[in-house]
Amino acid sequence: MRIGVLTGGGDCPGLNAVIRAVVIAGDRLHADETVGYLDGWRGVMERRSVPLEPGRVEDLLTRGGTILGSSRTNPFAGDDGPRLVVDHLAADGVDALVAIGGDDTLGVAQRLGPLGVRAVGVPKTIDNDLSGTEVTFGFHTAVETATEAIDRLQTTAESHHRVMVCEVMGRHVGWIATYAGIAGGADEILVPEVPFEVAEVCERISQRHERGHYSSVVVVSEGALPAPGPDLESAKAATTSRVVDQFGHVQLGGIGAWLATEIERRTGYESRHTTLGHIQRGGTPTAYDRVLATRFGVEAVAAVHDGAFGKMVALQAGRIVRVPLEEAVGRPKSLDLELLTEVAAPFFG
Ligand code: F6P
């Protein structure tokens, strides 16, 4: 078979490991040929691709990012996009497509199914917000990076008796904030799923400092916001960007800076912020993500050969399974709130 592969959305540690697995498993197990489309769906629309032979990918296991490039191009944003995708895949003789991406990229794959595009999805995102799978590759690496940063912030917080606010990624969900916050011993974890009261955060920090702890570390997801009221308006004014991608997502960032200013103003404790940003998305994948990415890639090829189109490979109870794409896209996988209330919260204050 001739398999097309593309990577869409934000880059993520493990993308190259999936590409390597698809190419090598396809070649060795089925004598497939693989072609890589450049820059996500944009490359298919513009008919830009490269042949991917095993020799081209064998060294990719540890390399961060994606050798194919990525974009947030949405073929459904214009009238011609879907037709271009269908025509170019046919012109290139592509029998099946492996789409590696998050909600947006896989949502496009699902919508293209009825137009005749035979696609299998592979779940990618550091945010870990895709439904249908317990975990996406890239999440583990992002948590490791964020945890290391929090460890470092803890020592500066202690040395200078400061409140350190660490903003991590997580547009809709607080998986990174919660895992890294628990692992790094954070004193507050604020997530998009639970609007927060600034006054309560400040009160807990003040009580903690009065009890003799002269430093605090607050971890906040980029998508977290205060509960409705004047604080929400103020936080939105400080964080809302005009940059919107083709899937309608506004560029996030700034809640950590806003919160540090508010904490210092209301408590009198010196407060600083750090935004980890793309540091969480770059670099080599952890061993866990290398293994998960490889398992996903091998299974995606098996799914193609079984004709399991319209499916996404997924991890459930430790096993790799296939779930319908429509189960995976459309509604983010929210945080298991017990992690916050039962596991993280007892250590706050
Ligand atoms: O890939 C998901 C994500 O990491 C979000 O957490 C974040 O809001 C977004 O990507 C940032 O994307 P970009 O690099 O395109 O600004």
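A polar contact here is a pair of N or O atoms within 3.5 Å. In this predicted model, Glu222 makes such a contact with the ligand: one of its polar side-chain atoms sits 2.7 Å from a ligand oxygen. Asp127 does much the same job of contact, with a side-chain N or O atom 2.8 Å from an oxygen atom of the ligand. For Arg281, the distance from a side-chain N or O atom to a ligand oxygen comes out at 2.9 Å. On its own the ligand would expose 400 Å², and the protein buries 80% of that.

Stepping back to the whole shell, the residues around the ligand are Gly10, Arg72, Ile126, Asp127, Met169, Gly170, Arg171, Glu222, His278 and Arg281. Sorted by class, that makes five charged, three polar and two nonpolar residues. Both domain 1 (2-138 + 285-328) and domain 2 (140-281) contribute to this shell, so the ligand lies between them. As for the empty space in the protein, the largest pocket is the one that the ligand takes up.

Then there is the question of enclosed space. Rolling a probe the size of a water molecule over the atoms shows where empty space is left. The count gives one cavity of 30 Å³ or more, and the volume of the largest cavity is about 30 Å³. Its lining is made up of Gly8, Gly9, Gly40, Trp41, Ser71, Arg72, Thr73, Thr105 and Phe247. By class, the lining has six polar residues, two nonpolar and one charged. Arg72 turns up in both places, in the shell around the ligand and in the lining of the largest cavity.

How values were computed: Residues numbered from 1 in each chain as written. Predicted model: local features only at pLDDT ≥ 70, side-chain atom pairs only at ≥ 80, totals over all residues. Heavy atoms only, no water. Near = heavy atom within 4 Å. Polar contact = N/O pair within 3.5 Å; in protein donor to acceptor, adjacent residues only side chain to side chain. Areas by Shrake-Rupley, 256 points an atom, 1.4 Å probe, with all protein chains shown as cover. 1 Å grid on protein atoms, 1.4 Å probe; cavity = no way out; pocket = protein on both sides within 12 Å on 5 of 7 lines; lining within 4 Å. Sits in = over half its atoms within 2 Å of the grid points. Nonpolar A, V, L, I, M, F, W, Y, C, P; charged D, E, K, R; others polar. Domains from an automatic or database assignment. Points joined across faces, edges and corners; volume = space filled by probe spheres on them.
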